[in-house]
Amino acid sequence: MRDGVETKVIAPLVPQTGARRAAAEPGTEMRVVCIGGGPAGLFFSLLMKKTRPQDEVVVFERNAPGDTFGWGVVFSDQTLGNIAAADPPTYERIAGDFVHWDAIDVNFRGRRIRAEGQGFAGIARRRLLHILNERAAEVGVDLRFRTEASDADADADVVAVADGANSAVRRRHAAAFGTTVEPRRCRYVWLGTHQRFEAFTFAFEETPHGWFAMHAYQFDATTGTVIVECPEPTWRAAGLERMSAAESIAFCERLFAPYLSGHALQSNAAHLASPWLVFAQIANARWHDGNRVLLGDAAHTAHFSIGSGTKLALEDAIALAQALHRHSGRTQAFEAYESERRIEVLRLQNAARNSTEWFENVARYANLEPEQFAYSLLTRSQRLTHDNLRLRDRAYIEGIEAWLSQRAGAQVRVPPMFLPLRLRDLRLSNRVVVSPMAMYSCTDGTPNDFYLVHLGARAQGGAGLVFTEMTCVAGDARISPGCAGMYAPQHVPAWKRIVDFVHAYTPAKIALQLGHAGVKGSTQRGWEDVDEPLPAGNWPLIAPSPLAYGERNQVPQAMTRVDMERVKAEFVRAAEMGLQADFDLLELHCAHGYLLSSFITPLCNQRTDEYGGALENRLRFPLEIFAALRGVWPAGRPMSVRISATDWVEGGIEPADAVEVARAFAAAGADLIDVSAGQTSRRAKPVYGRLFQTPFSDRIRNELGIRTMAVGNVTDLDQINSIVASGRADLVALARPHLADPYFTLHAAAQLGYDEQPWPQQYLTGRDQYRRTLQRAAEAAAVEVSG
């Protein structure tokens, strides 16, 4: 581990004017300088020398060969395979020293929960460095320890910058690399012990000051790594800020004594003023500049809780060496290396961020029962899913499913996505929701046969709850001329026809989402010039403040109190009409930059009266609308609210604000918070990815103890099962998957072998054929694997 190492001043590496060769042509000698003798630098250097023995390859390391300030490192089976393919002798020596384990233990509130089949291996960091040093020397790498690189060394064809997270070279050229450093919110200490751990062990202990977490694993026959971490406020409140290193270690020994069997904890960081460190997530917009190229922790860091730092370093080394071998031009090689590695690194950094945030917020999950707490921990990065765990440890997953089913009142073990849920008097048969999706296919707000087929088919498809698109409360409240409405007499029978079909022919329930487009109104249909004004026939817009949504959009009129009363009355009328149509659930749309959302976000609300300013004031009008709707909507029927949990814009709504928004609506009587994000500003810079909005739902649900619905890039049944089982949401809404497959939920039931999910009786022969097709495919796959 290089984080926290005191850095000596290194002379600037300034490229010399008489630059050497910028190409790695076969047979042409290059000079390759590697700054840093950690795993990344050593493995890269030996691979370069092995592949191109004619090159001069030099490693400069400021410390002695055996110096290291970490204890053990962890590899997955996949990483070991990559090492074996790149250099079999290195793999063989590493493998000979590995300690393998297969289980993860989670210790929480006096319980130990174990999940098998994890497939990890540990090795002492000192031993790993020794092997890499030895192997590099064998192939002819010039290893220079206790030596700083000089200006002359910058004249090399390739300068591989591998001097760790505190890279002095990268810091000096931070502007060229576009470096960002994000310190995280926990303090941690890296220790060793002679206690033997038979599994990768997590332990959590509550103190009067807050929660502490322990990560521990064996890395050789007699020694294990122990990492203790806690949020910074907890660290300070416990007095650790003022303790000496010895006192800190004694504190950790007492706190985690039940897991140490009397063994002491040890530190090898005597060179530091305090053994407690702060992890920083490092990223670089560019990984190369001239003849310099970053790899390992100098290029990127990933939190230790997913154990990927050394993995990324070694895989960087492999990719860079291969790129320099394949490409004749240095710049071309660097670009190929960065292109190959960036996506994988970004994926792991996103997973690491999720994991980091989980450990920063242990208190958020401390109200979960041990079974769900452990499952939440295991799936925290969103890389390990329900199906992954089933493949690794079927008994563990079946136990979790049985526990969840019992709590939900199910009589048999049920996959999490098929657990029932009650909201007031409404019982949903499963946790799958057809998300609100604008179809832009109404005439004067009236849903036609398309909507009967569209919503009816998805209700037949097995989802527990089907939402209408945002249904607008007035003609001038529509997004586009094709949007659905609930404001004219003909709308009630048109909607009731659809609701009656859903109720008569399916077990699904159907929800009405009400909204007002506000500043985003009078625009074209989604498949036209989306969000842009109509070519002709635009209607006047209203908003909290006279701010246009875009350069081409019209400037709305700032709402007066008279406007607010009129809009409130329109919402109430629409809710009463929805009741006449017999909808099961009513949702208020307060997201995506539409009228009520634009009151909540400071990006759109610049009022100076009681409806602007502080969040409490900006919530005032949306809460007035909600209260009016709750007053006319029957007490036995639930209500939900859709919110944008972040604007993805600096100065806008942030996730912490979203918690307060959800808290306010829950206090007003909301039964469910539908947690979306963004779409409030054209300046938004969303961070997309798999399940990218689920963490917002997780935070609201587990900090406030209220029900939530997750939405956003959820694409398959495995993700739904993972979200529900971990307690990150109570319902999961899918949009595009339901457009591609109206029968998504029925197909999921068949794929899971869950026979209790009802199919339309008219379709039973299709169900049987689908099951047979799945069985034949599974048998063919098994034959292929065995063959």
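This is a short talk on one sheet, the helices lying across it, and some salt bridges.

A word on the source before the details: what you see is a predicted model.

Let me start with the sheet. It is open and has 6 strands, in the order β8-β2-β1-β9-β17-β16, and the pairing is mixed. At the edges are β8, residues 142–145, and β16, residues 288–289; each of these pairs on one side only. Take β8 and the strand beside it. Strand β2 covers residues 56–61, runs parallel to β8, and is joined to β8 by 4 bridges. If you want one pair to look for, Val58 has Asp142 in β8 as its bridge partner.

Now the helices. Helix α1, residues 39–51, lies across β1, β2, β8 and β9. Its direction is at about 170° to β2. Helix α10, residues 330–360, lies across β9, β16 and β17, and runs at about 10° to β17. Strand β9 appears in both lists: α1 lies across β9, and so does α10.

On to charged side chains. Side chains of opposite charge can pair when their charged atoms come close. This structure holds 57 salt bridges, and I will go through three examples.

The first example brings us back to the sheet. Arg31 and Glu56 form a salt bridge, at 3.1 Å from N to O. Arg31 is in strand β1 and Glu56 is in strand β2, so this pair ties together parts that are 25 residues apart in sequence. Are the two partners buried or exposed? Arg31 counts as buried, because its relative accessibility is 11%, under the 20% cut-off. Glu56, at 27%, counts as partly exposed.

The next example sits within a helix. Arg394 and Glu398 meet in a salt bridge of 3.6 Å, N to O. Both lie in helix α14, residues 394–408, and they are 4 residues apart, about one turn of the helix. Arg394 is partly exposed, at 48% relative accessible area, and Glu398 is partly exposed as well, at 27%.

The last example is in helix α17, residues 561–580, where Glu570 and Arg566 are 4 residues apart and therefore separated by about one helical turn. Their side chains form a salt bridge at 3.1 Å, N to O. Glu570 counts as buried at 10% relative accessibility, whereas Arg566 is partly exposed at 30%.

Beyond single pairs, there is also a network: Lys50, Asp87, Arg93, Glu134, Arg135 and Glu138 are joined by salt bridges that share partners.

That is the end of the talk.

Note on methods:
Residues are numbered from 1 along each chain as its sequence is written. This is a predicted model: local features need pLDDT of at least 70, side-chain atom pairs count only at pLDDT 80 or more; totals for chains, interfaces and linings use all residues. Side-chain values use heavy atoms; hydrogens and water are left out. Two strands pair if DSSP finds at least two bridges between them. Helices (H or I, at least four residues) and strands (E, at least two) are DSSP runs, numbered from the N terminus. Contact means heavy atoms within 4.5 Å. Axes are lines fitted to C-alpha atoms, for helices over the stretch in contact, and angles run from 0 to 180 degrees between N-to-C directions. A salt bridge is a side-chain nitrogen of Lys or Arg within 4 Å of a carboxyl oxygen of Asp or Glu. Buried means under 20% relative accessible area, exposed over 50%, partly exposed in between (1.4 Å probe, protein chains only).
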